[in-house]
Amino acid sequence: MEDRLNAQLSRITGKSSLVGATRYALSRLPKARPYLDNGSLELDNNTAERAMRSVALGRKNYLFMRSEGGYKAAAVAYTLIETAKLNNVDPSCLAHVGFDLNR
């Protein structure tokens, strides 16, 4: 691909926007090379951001907890929910566990 872009670059006039785009692509190619060579690498970090979403939402909810016990209970709840998700367990099943523990 790099050879083809360089060949096209020599054919295009110097002031066109296509030259700018080609030069931009060529300058970014060294950073893109690992992704082009190894198809298992992800181009974005959406997976990590999705995993952190509940933590970010929880952080906003912590503002409304007024006691240390509330903070600890929330930390336990978020830990259980995220652990369930990581182990492919439906987090709604935890409601039954909590109900059974309160008996």
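A84 sits in helix 4, and this residue makes a handy way into the model, which is a predicted one. With a relative accessibility of 9%, A84 counts as buried, because the cut-off for that label is under 20%. Setting aside neighbours within four places in sequence, the contacts of A84 are V89, P91 and L94. One of these partners, L94, is ten residues away along the chain, and the C-alpha atoms of A84 and L94 are 8.4 Å apart.

Between helix 4 and helix 5, which covers 93–101, runs a loop that holds N88. N88 is a bit of an oddity on the backbone: its phi is positive, at about 55°, although the residue is not a glycine. Is N88 buried or exposed? Its relative accessible area comes to 74%, and since anything over 50% counts as exposed, N88 goes down as exposed.

Stepping back to the whole chain, the protein has five helices and zero strands. Read from the N terminus, the elements simply go α-α-α-α-α. The chain has 103 residues, and buried ones make up 10% of them. A84, at 9% relative accessibility, is among the buried residues. The accessible surface of the chain adds up to about 8800 Å², with 59% of that supplied by carbon and sulfur atoms. As for how the chain meets itself, take the contacts with a separation of 6 or more: residues 24 or more positions apart account for 23% of them.

Next come the charged pairs. Side chains of opposite charge can pair when their charged atoms come close. How many salt bridges does the structure hold? The count is three. One of them pairs E2 with R33, where the closest N and O atoms lie 3.7 Å apart. This pair ties together distant parts of the chain, with E2 in helix 1 (residues 2–11) and R33 in helix 2, 31 residues apart. Both ends are partly exposed: E2 has a relative accessible area of 37%, and R33 comes in at 31%.

R33 has another partner as well, since its side chain also meets that of D37 in a salt bridge, at 3.9 Å from N to O. That N-to-O distance falls within the 4 Å limit, so the pair counts as a salt bridge. Here the two residues belong to one helix: R33 and D37 are four residues apart in helix 2, so about one helical turn separates them. D37 is exposed, with a relative accessible area of 57%, whereas R33 is partly exposed at 31%.

The remaining bridge brings the story back to helix 4, where the side chains of E82 and K85 meet at 3.4 Å, N to O. E82 and K85 both lie in that helix, three residues apart, which is about one turn of the helix. Elsewhere, salt bridges that share partners join E2, R33 and D37 into one network.

The two ends of the bridge in helix 4 differ in their cover. K85 is partly exposed, with a relative accessibility of 43%. E82 shows a relative accessible area of 19%, and because buried means under 20%, E82 counts as buried. Helix 4 itself spans residues 68–86. Apart from residues up to four places away in sequence, E82 touches A51 and S54.

Over on the surface, there is also a nonpolar patch to look at. Which residues form it? The members are Y35, L41 and L43, and together they have about 320 Å² of accessible area. L41 is found in the loop that links helix 2 (17–37) to helix 3 (46–62). With a relative accessible area of 39%, L41 is partly exposed, since that label covers values between the 20% and 50% cut-offs.

Conventions: Residues are numbered from 1 along each chain as its sequence is written. This is a predicted model: local features need pLDDT of at least 70, side-chain atom pairs count only at pLDDT 80 or more; totals for chains, interfaces and linings use all residues. Side-chain values use heavy atoms; hydrogens and water are left out. Buried means under 20% relative accessible area, exposed over 50%, partly exposed in between (1.4 Å probe, protein chains only). Contact means heavy atoms within 4.5 Å. Patches are made of residues with over 30% relative accessible area and no salt bridge: like charges are joined within 9 Å, nonpolar side chains (Val, Leu, Ile, Met, Phe, Trp, Tyr) within 5 Å. Accessible areas come from the Shrake-Rupley method with a 1.4 Å probe; for residues, only the protein chains shown count as cover.
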